[in-house]
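Trainee: Could you take me through one part of this model in detail, and then show me how that part sits within the rest of its chain?

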Amino acid sequence: MAIFSIQRFNPEKDNVPCFKDYELNVPEGATVLDCLNLIKWTQDGTLTHRMSCRSAICGSCAVRVNGHPKLACKTQAADEIIGGRMKIEPIGNAKVLKDLVVDLELFYSKFQKVKPWLITEGSGVTGQGSENNKERRQSPEDFHRIDAASTCIMCACCVSDCNSWAANEKFLGPAALAKAQRFVDDSRDVGTLKRIKDLSEANGIWDCTHCGECVERCPAEVKPMDRIISLRTTSLKIGIWNNNGARHVRGFVDFIYKSGRLNENILPVKSMGIFNIPGLLSLIPVGIRMFLKGKNPPIIHRHIDEMDDVRRIFRKFKQKT
Amino acid sequence: MKYAFYTGCVAKGAGRELYSSSVAVAKRLGIELHELTNVSCCGAGVISEKDPLLSDTLNARTFAIAEELNLGIMNICGTCQGVMVKAQKGIDGDTKRKDNINEILKDGGHRYKGKVKIKHLLHILIEDFGLDKLKTFVKKPLRGLKAAPFYGCYLLRPSVYSNFSSPDRTTALEDLITVLGGEPVNYEGKSKCCGFPIVMMNKESSLAMSGISLKEAKEKDADCLVTPCPLCHLNLDSYQPEIDKIVQTKLNLPILHLPQLVGIALGIDPKELGMNKHIVSTEMLLK
């Protein structure tokens, strides 16, 4: 016997969501989805949740279990009963429509923004048709680069716990960015430059904080954060420098080459860009504040010992590229 | 007990109170430290965006130097810890990568064998030193001080790289706070992101992230936050006046580095712990 504490919300009756407890004899081997179904079928027909394939393929049944998103059909109930209880809520970063069902319109709209279709020779940027219908072959090595992102089932678990999205709904988010990587790195796609330029704009690849929640919550093998990192690497290789993210990486790497450690006095200036007057001005209050408390980094920036060896390593990599 | 002490950049730069408090606590507990002065920055997940192999090579050099000393690495920065463990797992799990890296290290006279243990001070206090033993060193128990733990992402996620077996359910910081006589505050924000990595790219969004957790901790009556990551500290403390405006609340929530909280309980002079080097005053806590 376990108690399922489930978040309920009926927009026609309730102002705010509340929790309702259900007692259930959990059958051996039952998934969280089995339990939700048993509660709905035997105790409370008004409980509303989404499901379809029951095989972790369709991505419909994502809910928060004990605080974090999981596919209900892929999660063993026994693993999630802590002290005789389990808490079930709708996934986060989405408007609740009813009980455990959320509105996914915003989630889907981000995918449209990254143009999730192949842009091929003759197809133009709109992706409309192609001049010839020939087969576009791909080597196993080329496919390997997009394999991880291809496994996305669009369940929104990654977005549910994305910290950057929680603070800024305009962020493209881990799912759509992973999908973007799937096309940027597709050997058959010819839209890479335009794609990367668009993705390097505000609310794009440089708005990910590396918090790792998306990797942790993804029930497939997408590892969205790693896909975003890959997009950043591509952006740097192509040389899209007109943004703080790329300038930050360039300044950072430059300091480690020169002194082995960060120069926190100068790096923010390099990240902002020396011609970005509003950006530079925004650094002043925190700079003064830290200076007054003696928190400013030492004015004379010293390099680490054995700097020659570190520079030698950097030079080896420069030669390679 | 002796460790190869990896200070990280912030403890030598904008967060020198983390360095002084770590050294003071280690000395009081009899933990010997060999400070690594000839190692580079871990890359903080930034160098790896430019070139993953370069980042791994720089970290492998650090690991090799610790191995040559026959010491495990002690980190005092959650980000350094997360980055290093990720690098180590990547290198150890790929013989070809490891050989490539060692080929580059060879000319500098180093070779990474793959046995160095990498731990954050938090892990060292809990796993190596032991909380029971730590308890015997407590001279000024925190007497119900409501301390809100703030883990920082890199120490927890992705869990395949974490030293915690179950990062979602870890109570390491809470256990430490309790042993020191404090009262850990239970709130969702403890494992959320401070937003620091994008403070230069999208300041408003970055500080809003800190704001969400700080406000929640404040509403749960926290007297202070304690964090094992100096990058989290930078956002949560140095930018708190701007965060106040975003959450429309005067938060006035002091943010302590992990060794500072330990140091207070051990009765170390607050000045030595750098308690005066905070944007949000810590005076109320010391009373």
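Mentor: Let us begin with a pair of strands in this predicted model: strand β1 (residues 2-8) of chain A and strand β5 (residues 85-89) of chain A run parallel and are joined by four bridges. Within that pairing, A:Ile6 has A:Ile88 of β5(A) as its bridge partner. As a general point, the strands of a sheet pair through backbone hydrogen bonds, and they do so either parallel or antiparallel.

The two strands belong to an open sheet of five strands, whose order in chain A is β2-β1-β5-β3-β4 and whose pairing is mixed. Because β2 (18-24) and β4 (68-71) of chain A each have a single partner strand, they stand at the edges, and one side of each is left without a neighbour in the sheet. If direction is ignored, neighbouring strands of this sheet are turned against each other by 35 degrees on average. A helix also belongs in this picture, since α1 (residues 32-42) of chain A lies across β1, β2 and β3 (62-65) of chain A, and runs at about 95 degrees to β2(A).

To place these elements in the chain, it helps to turn to the domains, for which the assignment divides chain A into domain 1 (2-102), domain 2 (105-238) and domain 3 (244-320). Between domain 1 of chain A and domain 2 of chain A, the C-alpha centres lie 30 Å apart, and the contact takes 15 residues from domain 1 of chain A and 15 residues from domain 2 of chain A. On the side of domain 1 of chain A that touches domain 2 of chain A, the elements giving two or more residues are β3 and β4 of chain A, and β4(A) gives the most, with four residues. Sorted by class, that side of domain 1 of chain A has eight nonpolar, four polar and three charged residues.

For the chain as a whole, the secondary structure of chain A comes to 14 helices and seven strands, while its C-alpha trace spans about 70 × 65 × 40 Å along the principal axes. Of the 321 residues in chain A, 41% are buried. Finally, if one takes the contacts in chain A between residues at least 6 apart in sequence, 62% of them join residues at least 24 apart.

Notes:
Residues are numbered from 1 along each chain as its sequence is written. Chains are lettered from A and ligands numbered from 1 in the order in which they are written. This is a predicted model: local features need pLDDT of at least 70, side-chain atom pairs count only at pLDDT 80 or more; totals for chains, interfaces and linings use all residues. A residue is buried if 20 or more other C-beta atoms lie within 10 Å of its own, exposed if 12 or fewer, and partly exposed in between; C-beta atoms are placed from the backbone. Two residues are in contact if their C-beta atoms, placed from the backbone, lie within 7 Å. Two strands pair if DSSP finds at least two bridges between them. Axes are lines fitted to C-alpha atoms, for helices over the stretch in contact, and angles run from 0 to 180 degrees between N-to-C directions. Domain bounds come from an automatic or database domain assignment. Ala, Val, Leu, Ile, Met, Phe, Trp, Tyr, Cys and Pro count as nonpolar, Asp, Glu, Lys and Arg as charged, and the others, Gly among them, as polar.
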